[in-house]
Amino acid sequence: MIRCYENATSWRGPACESCTCYGDITVCLPPRCANPRCDYHKGERLRIPADGCCPAECVSTSQDLCQHQGLTYGDNSQWSPSPCEECVCSGGSVSCSPLPCPPLLCPPHQTLRTLAGQCCPICVQTGASCSVQGELFSHGDVWSSTPCSRCVCQDGDIACSAAQCQPVTCQPEQNLVIPAGGCCPRCVSNPCLSGGEQHQHGEQWQKDSCTTCVCDRGQARCHTHTCPDITCPKGESKAQRAGQCCEECVATRGSCLYDGTLRYHGDMWNGTGCEYCSCEQGQVVCRNAECGRLTCQQGQEVVRLQGKCCPHCVSMTTSCVFQNRPHQNGARWTEGACRECECEDGQVTCYLRTCPICPSGSLALPQDGHCCPQCTNVQCQSDCASCSGSADLCLTCRDSNSLVHLGRCLTVCPHGYRPDGHTCTACQPSCASCSREWGCDSCAASLLLTADRGRCVPSCPPGSYQHLHTHCSDCHPSCSECFSAGQQDCLVCSDPAALLKDGECVADCGAGYYSQQGVCSACDPSCSSCYPDNPACLSCPPSTALHHGRCITQCPDHHYLDNHGRCRGCHSSCASCWGPSGGQCSVCLEPLLLHQGHCVDSCGEGLYHKDNTCHNCHPSCRSCQGPQGSDCLRCLRPEDVLLPVDPQLPHGTCSHGCPAHFYLDTLHTCRGCHASCLHCTTGSADDCTSCPPPALLHFGHCVSTCPPGAFPLENTCAVCHATCDVCSGESLADCLSCPLLASLQQGSCRTSCPDSTYLHPSGGCR
């Protein structure tokens, strides 16, 4: 019975192996037994639980023990002193009995009999025995003189039968083979070829310590185990056992060397049979394990696997189906009067009773209820030596070179038949012609003859290819699929570890190639080498750079060439750069400006921008529009003033003060005075503070002569005394002329006004 398991599930195999489903592959590993830590000094004994695989119990000797044939067994244990006997220890007493056999009821005229080498009886008929070449066979005994025949002793008479093989149609991935020592052909799945070794369908092997492969109908399916991360507790360390894939935690002290294998403290392993050994503080201790008492459920039977200590329960299942009827393994039944069939190892083989040939000149007449015909003397047709059913249906021919076909004697078998002794036997239905029982020489329409000429198939099986539209020819041994016979004509490789390169199976793709799904393909043409599993470049020729898996002559925009010949992305602010950081830009994205490798929104103090790059101003400038001292827009030192190079331009030089004809405005910049001024406070003609000689300053104006009421004094017009109209000085005695109603008397203007007042031009005294 076939069971299906979900992916990633585990179960115990029939031979105690630990099996796990990995997708479409089942990996089975030998069992590893945990040490139950029995105290042998206290007399504890190892026990394998019923239907178990490893010792998992420690049985105390204080319980009821049994002695049998010089050995001691624990209470409720079970053992077999002989192949067909089973003993049980219960409460200190031993009870032995034959192995349980399935119930069997014999029909009339048959009796139960146990054959040599068997434990359970079978039904045989009663009758006299037979003697063959000095060997005596009892009534009902069956033996084979050849692989394709079987004889039976029937009440002193020997009846032999020839095997009738069932028609077999194999699938494309199967081969028709006759097992060694067998008679009838079977369909066997194609083997796998790996590393020069052949593995049969279902066989498992280790490609390496981490990769397990299984042959599945000619195709190797492999699983590579991935090791988990482990953290070991105190007193343990990581170690990788010989032949194991992954590290595990083991005791740091107390290891043992046993039969050339390093064992760690606490390890337990199976020696031979029921002997189990353990490593305890550097010492190897071996003890025999006993089997727990086994009771099988209804529908199960006890089996003993070779090399295993204890028996197991397995389900009794139907092994064969013949003409839609199930038959158990080992069953025999009759099909008509002349044919007897048997089920063995899942295969049905039927034997046809061989009948004696009627003598020449006699007619073979069928008998109701009998297998063989009755020979009756009759005159057969002239070319018949004997006949059957009627005189014109030849059974044998007078001419020893003739062949019987459908009751006629022919010199050659017709198309679709082959000579088989002195008769013509039909070829397999798929054959157009044949010369042997299980092979074809040519095929029926649309079918192809396999390379071993064994069968006709609709398509060529793995390891062969269609040739001339009529037959299959073998591929080169390195190919499991191909289009011709050459070594470079492969489509799929036989060895799962091999790689297909330009039609040839190789161990390594070599330089300039990568492998993907077992096929070598050329790297990108620009590469020196590429990744092992994809075409992207791994290295480049000189003077080229690696970018996105290709080799290019120049890195694209926004990228730079690193020290390993690869194009790397610039910082997001850079248009081009020489490194990945924001301080390694060489050109900035607009509207940003480059300053010492950084891209900034504005250059800042002491800098000006030109061609999207910040440059240093002249040392005297706080801000500027160029590198010269005359390009300043603001001055660095607070006490300095800006002197524009042109009144119409904003830039100039930084000076300690404004020169003549200039004034300092609120922006600390020298601006031009009015043309009449030598110095001023604004650019207006009304705001002069000094005048160029010979002009005179009069109330912010520069005049050529002072007006009435004023006199020249140190390049300015000073106001006369209020009594004077024209004067030469500021006192009342410096008058040169007087206003109306006043008279000049010794430099002073006299009026009728009392002392301490003067005559105002409007006519009154003030």
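A: Let's start with a cut-off: buried means under 20% relative accessible area, exposed over 50%, and partly exposed in between (1.4 Å probe, protein chains only). This is a predicted model, where local features need pLDDT of at least 70 and side-chain atom pairs 80 or more, while totals for chains, interfaces and linings use all residues. Residues count from 1 along each chain as its sequence is written, and side-chain values use heavy atoms, without hydrogens or water.

Q: Happy to try that out. Is E290 buried or exposed?

A: E290 has a relative accessible area of 5%, so this glutamate counts as buried. You will find E290 in strand 32, which covers residues 290-292; a strand here is a DSSP run of E, at least two residues, numbered from the N terminus.

Q: Which residues is E290 in contact with, beyond its sequence neighbours?

A: Contact means heavy atoms within 4.5 Å. Leaving aside neighbours within four places in sequence, E290 touches R45, L46, R47 and I48, and also V59, Y73, G74 and S77. I48 turns up again in the surroundings of C309: with the same neighbours set aside, C309 is in contact with I48, G273, C274, A289, C291 and R304.

Q: Could we do the same for F322? Where is F322, and is F322 buried or exposed?

A: Look at strand 35, residues 318-322, which holds F322. With 6% relative accessibility, F322 is classed as buried. Outside the four-place window in sequence, F322 is in contact with Q166, H327, W333, E335, R339, C341, V348 and C350. For a sense of distance across the model, try F322 and T553: the two are 231 residues apart in sequence, and their C-alpha atoms lie 75 Å apart.

Q: How do I read a sheet, and in what order do strands 29, 30 and 31 come?

A: Two strands pair if DSSP finds at least two bridges between them. Here 3 strands make an open sheet in the order 29-30-31, with antiparallel pairing. Strand 29 (268-270) and strand 31 (283-288) are the edges, each pairing on one side only. Strand 30 spans residues 275-280 and pairs with strand 31 in the antiparallel sense over 6 bridges. To see one of these matches, pick S278, whose bridge partner in strand 31 is V285.

Q: How many salt bridges are there?

A: Side chains of opposite charge can pair when their charged atoms come close. The rule is a side-chain nitrogen of Lys or Arg within 4 Å of a carboxyl oxygen of Asp or Glu. By this rule the count is 17.

Q: Which parts of the chain does the E340 and R150 pair tie together?

A: The side chains of E340 and R150 form a salt bridge at 1.9 Å, N to O. E340 sits in strand 38 (residues 339-344) and R150 in strand 16 (residues 149-154), so the pair ties together parts that are 190 residues apart in sequence. E340 is partly exposed at 26% relative accessibility, whereas R150 is buried at 5%.

Q: What about E248 and R32?

A: Their side chains meet in a salt bridge at 3.2 Å, N to O. E248 belongs to strand 26 (residues 248-251) and R32 to the loop between strand 3 (25-29) and strand 4 (45-48), and this pair links distant parts of the chain, 216 residues apart. R32 is exposed, with 53% relative accessible area.

Q: And which partner does R637 have?

A: R637 forms a salt bridge with D640, their closest N and O atoms being 3.1 Å apart. R637 is partly exposed at 37% relative accessible area, while D640 is buried at 6%. Elsewhere, salt bridges with shared partners join R32, R241, E248 and D267 into one network.

How values were computed
Helices (H or I, at least four residues) and strands (E, at least two) are DSSP runs, numbered from the N terminus.
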